[in-house]
Amino acid sequence: MKPFGFLATALAFGGAAVLLWAATWPVHALFVSMTGVEPIIGWFALGGLVFATLIVAGCLLLRAEGKPATSSLPDRLRLLPLDRSDWLWTIGGIAVVGVSTGVVMVFIVGIAQSAQPTFLSLTPLGADRWWILLVWVPFWLLNILGEEFLWRGVILPRQELAFGQHAWLANAAGWLVFHLACGWAVILLVTPIVFILPWIVQKRRNSSIGIIIHAALNGPAFIAVALGFA
């Protein structure tokens with residue numbers, strides 16, 4: 001592996017941020033106006049393409065560095081089984097991020113009744129619209145796997161070669177930039193997980209922890225919003 005320094009970090013996360021901006025604003029608006037689908041369905045389609053692109057980018061980076069044999073690929077990506085300590089860190093991370101995100105949400109509601117970007121707008125689902133949850137599942141999987149594969153599996157270990165013990169901070173800063181297109185409210189909401197998750201993953205040197213934390217918080221949060229509980 002070669003170090004993934006400031007320039008590489010800026011190009012990777014910055015390029016992905018531009019792609020996400022295009023998918024959530026100009027392209028999303030055009031897609032919705034042309035197809036007549038709900039904004040959230042447009043987001044599932046276009047966002048899914050963005051996250052699939054992250055997976056392709058990760059594969060290209062692996063190939064460029066000399067892709068290891070299939071048997072050693074999990075080690076390269078740090079997709080490792082969780083031991084007892086890993087599980088304690090994972091559960092603790094979920095708890096801390098969940099509580100801190102809840103505090104941030106209360107703050108946002110206190111200063112703005114709604115700061116939800118257009119592409120994320122969704123009225124609570126009735127029984128006749130539960131099919132949207134089925135459409136959401138593959139999008140959710142692409143979201144989690146795409147980000148964690150590229151950001152933590154492929155890039156973070158190489159950032160450690162450039163930034164040492166502070167690699168998690170460079171990873172978090174880049175991940176925050178990636179979310180800029182989502183607007184100020186989403187930026188505030190994701191700030192806890194953006195900084196806590198990379199720190200735990202680097203500390204434990206296990207990308208599987210990032211996947212579990214990300215999935216455990218992202219999934220239930222959307223379901224709660226979709227069903228009108230949040």
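## A salt bridge between distant loops

In this predicted model, Arg 129 forms a salt bridge with Glu 38 (a side-chain nitrogen of Lys or Arg within 4 Å of a carboxyl oxygen of Asp or Glu), and the closest N and O atoms of the pair are 2.6 Å apart. The two residues, 91 positions apart, link distant parts of the chain, as Arg 129 sits in the loop between H5 and H6 and Glu 38 in the loop between helix H2 (26-35) and H3. Helices here are DSSP runs of H or I with at least four residues, numbered from the N terminus. Over the whole structure, the search finds eight salt bridges.

Residues are numbered from 1 along each chain as its sequence is written. Because the model is predicted, local features need pLDDT of at least 70 and side-chain atom pairs count only at pLDDT 80 or more, while totals for chains, interfaces and linings use all residues, and side-chain values use heavy atoms, with hydrogens and water left out.

## Two helix pairs

The axes of H3 and H6 (lines fitted to C-alpha atoms over the stretch in contact, with angles from 0 to 180 degrees between N-to-C directions) come within 8 Å and cross at roughly 25 degrees. H3 and H6 are therefore roughly parallel to each other, a label given to angles under 35 degrees. H3 passes H6 in a left-handed crossing, meaning that the near helix is turned anticlockwise from the far one by less than a right angle. The contact of H3 with H6 has 22 nonpolar residues, five polar and two charged; Ala, Val, Leu, Ile, Met, Phe, Trp, Tyr, Cys and Pro count as nonpolar, Asp, Glu, Lys and Arg as charged, and the others as polar.

H8 and H9 pack with their axes 8 Å apart, at an angle of about 155 degrees, and are therefore roughly antiparallel to each other, the term for angles over 145 degrees. Their crossing is right-handed.

## The largest pocket

The largest pocket (an open set of points on a 1 Å grid where a 1.4 Å probe fits, with protein on both sides within 12 Å along at least five of seven lines) holds about 1300 Å³ of space. Among its 43 lining residues, Leu 120, Val 186, Leu 189, Ala 221 and Val 225 are the closest to its centre.

Definitions and conventions. 1 Å grid on protein atoms, 1.4 Å probe; cavity = no way out; pocket = protein on both sides within 12 Å on 5 of 7 lines; lining within 4 Å. Points joined across faces, edges and corners; volume = space filled by probe spheres on them. Parallel < 35°, antiparallel > 145°, perpendicular 65-115°, else oblique.
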